[in-house]
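Biologist: I am new to this structure. Please pick one part, take a close look at it, and set it in its surroundings for me.

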Amino acid sequence: MAFDIDATIKQGWDDYFARTPRFDVFHQEARYRKILRTNVISAIVAFSLAVIVLVAVLVYGRVFTIVIGSVLALMLAIYGLMSLRKRLSLLRQSAGRPGLAFGVSTEGIHTPVLPTIPWSDVLAVFVMDESRHVDYALSLKGMKGLAARYARANGRGARHINIVLPEGAALRQQVRPPEYAKVVELWSHFENPKFGVLSYTLDPTVDIEQVRQISMATAVLAERNGVTTTLSEGAADFVEHMGTISKIFD
């Protein structure tokens with residue numbers, strides 16, 4: 001569900017940027033490094049358990065236990081891969097070190113891995129707050145709640161800023177260091193070069209109040225610069241928009 005920027009908040013940020021041209025938020029180093037450590041430990045534990053379970057059922061199990069054990073081993077391996085994927089995502093977004101997490105200014109968008117992105121190059125901005133859904137998942141008991149808490153410890157966030165840009169492949173070539181080029185996600189376009197999407201999830205490593213501030217600052221500046229701007233509680237509006245401009249829904 002999309003919602004509008006509160007007029008008071010909008011005026012506050014208009015006043016701020018009239019005095020100060022830029023607003024940045026930074027990773028908290030302790031939280032940043034803890035997530036990276038947790039990712040590695042979680043992956044090692046998950047892969048080790050997967051091997052143990054698989055060997056045990058193959059050596060001692062019958063047909064039914066082999067099937068169940070194989071499914072369990074596969075699930076553990078998937079959890080291990082998810083942990084490593086989260087680790088890589090954080091490294092890509094941060095250029096491999098704690099420091100600047102995300103910034104916006106009257107000139108454009110600032111990230112650790114790309115030159116300043118002018119507002120004139122931005123096609124759309126989506127600010128998503130999934131806190132209500134994530135908090136509910138964390139409150140559940142049993143396997144669903146355990147999985148949600150596992151994901152949270154490994155860096156799953158609830159607050160996202162998605163920036164839609166033209167010519168994603170060309171944008172990847174500007175990423176420094178180049179090994180993090182896939183921080184720019186590619187979305188197909190039936191008529192032109194693939195779109196680029198920068199998707200930043202900040203709340204795992206950035207102070208929550210600063211996450212709220214940078215989310216609103218980004219939305220206010222994007223709207224001021226004539227960029228399609230959507231604030232929502234989930235990814236549905238983003239997916240619908242990308243499907244439309246990609247001609248998928250034609």
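Modeller: First, a definition. Helices and strands here are DSSP runs, at least four residues for a helix and at least two for a strand, and they are numbered from the N terminus. Please keep in mind that this is a predicted model.

Now the whole chain, briefly. The protein chain has 8 helices and 10 strands. Its C-alpha atoms fill a box of roughly 70 × 40 × 35 Å along the principal axes. There are 250 residues, and 42% of them count as buried. Take the contacts between residues at least 6 apart in sequence: 75% of these join residues at least 24 apart. The accessible surface is about 13,400 Å², with 60% of it belonging to carbon and sulfur atoms. Charge comes next. The chain carries 27 positive and 23 negative side chains, and the centres of the two sets lie 12 Å apart.

The part I pick is strand S7, together with what follows it. Strand S7 covers residues 159-165. Asn-162 sits in this strand. Is Asn-162 buried or exposed? Its relative accessibility is 4%. The cut-off for buried is under 20%, so Asn-162 counts as buried. What does it touch, leaving aside neighbours within four places in sequence? One group of contacts is Ala-124, Val-125, Phe-126 and Met-128. Another is Val-197, Leu-198, Ser-199 and Tyr-200, and Phe-238 is in contact as well. With Ser-199 there is also a polar contact: the two side chains are joined at 2.8 Å.

Next, move along the chain. Glu-167 lies in the loop between S7 and H6. Its phi is near 50°, a positive value in a residue other than glycine. Why point that out? Most residues other than glycine have a negative phi. Glu-167 counts as partly exposed, at 45% relative accessibility.

Then comes helix H6, residues 168-172, and the loop from H6 to strand S8 (184-187) holds Pro-177. The peptide bond from Arg-176 to Pro-177 is cis, with omega near 0°. Again there is a rule to set beside it: most peptide bonds are trans.

Now step back to another loop. Ala-95 is found between H3 and strand S3, which spans 100-105. Like Glu-167, Ala-95 is not a glycine, and its phi is positive, about 60°. Its setting is a buried one, with 7% relative accessibility.

The helix before that loop is H3, residues 63-94, and Ile-78 is found in it. At 43% relative accessibility, Ile-78 counts as partly exposed. How far is Ile-78 from Val-164? In sequence they are 86 residues apart. In space, the C-alpha atoms are 29 Å apart.

One last stop is the aromatic rings. A pair of rings is described by the distance of the centres and the angle of the planes. The chain has 9 aromatic pairs. One of them joins Tyr-16 and Phe-17, with centres 5.1 Å apart and planes at 90°. An angle over 60 degrees counts as edge-to-face, so this pair is edge-to-face. Phe-17 is buried, with a relative accessible area of 5%. Ring pairs link Trp-13, Tyr-16, Phe-17 and Phe-23 into a cluster.

Conventions. Residues are numbered from 1 along each chain as its sequence is written. This is a predicted model: local features need pLDDT of at least 70, side-chain atom pairs count only at pLDDT 80 or more; totals for chains, interfaces and linings use all residues. Side-chain values use heavy atoms; hydrogens and water are left out. Buried means under 20% relative accessible area, exposed over 50%, partly exposed in between (1.4 Å probe, protein chains only). Contact means heavy atoms within 4.5 Å. Accessible areas come from the Shrake-Rupley method with a 1.4 Å probe; for residues, only the protein chains shown count as cover. Lys and Arg count as positive and Asp and Glu as negative; His and the chain ends are not counted. The place of a charge is taken as NZ of Lys, CZ of Arg, CG of Asp or CD of Glu. Rings of Phe, Tyr and Trp (its six-membered ring) pair if their centres lie within 6.5 Å; planes under 30 degrees apart count as stacked, over 60 as edge-to-face and the rest as tilted. A polar contact is a pair of N or O atoms within 3.5 Å; within protein, one must be able to donate a hydrogen and the other to accept it, and residues adjacent in sequence count only if both atoms are side-chain atoms.
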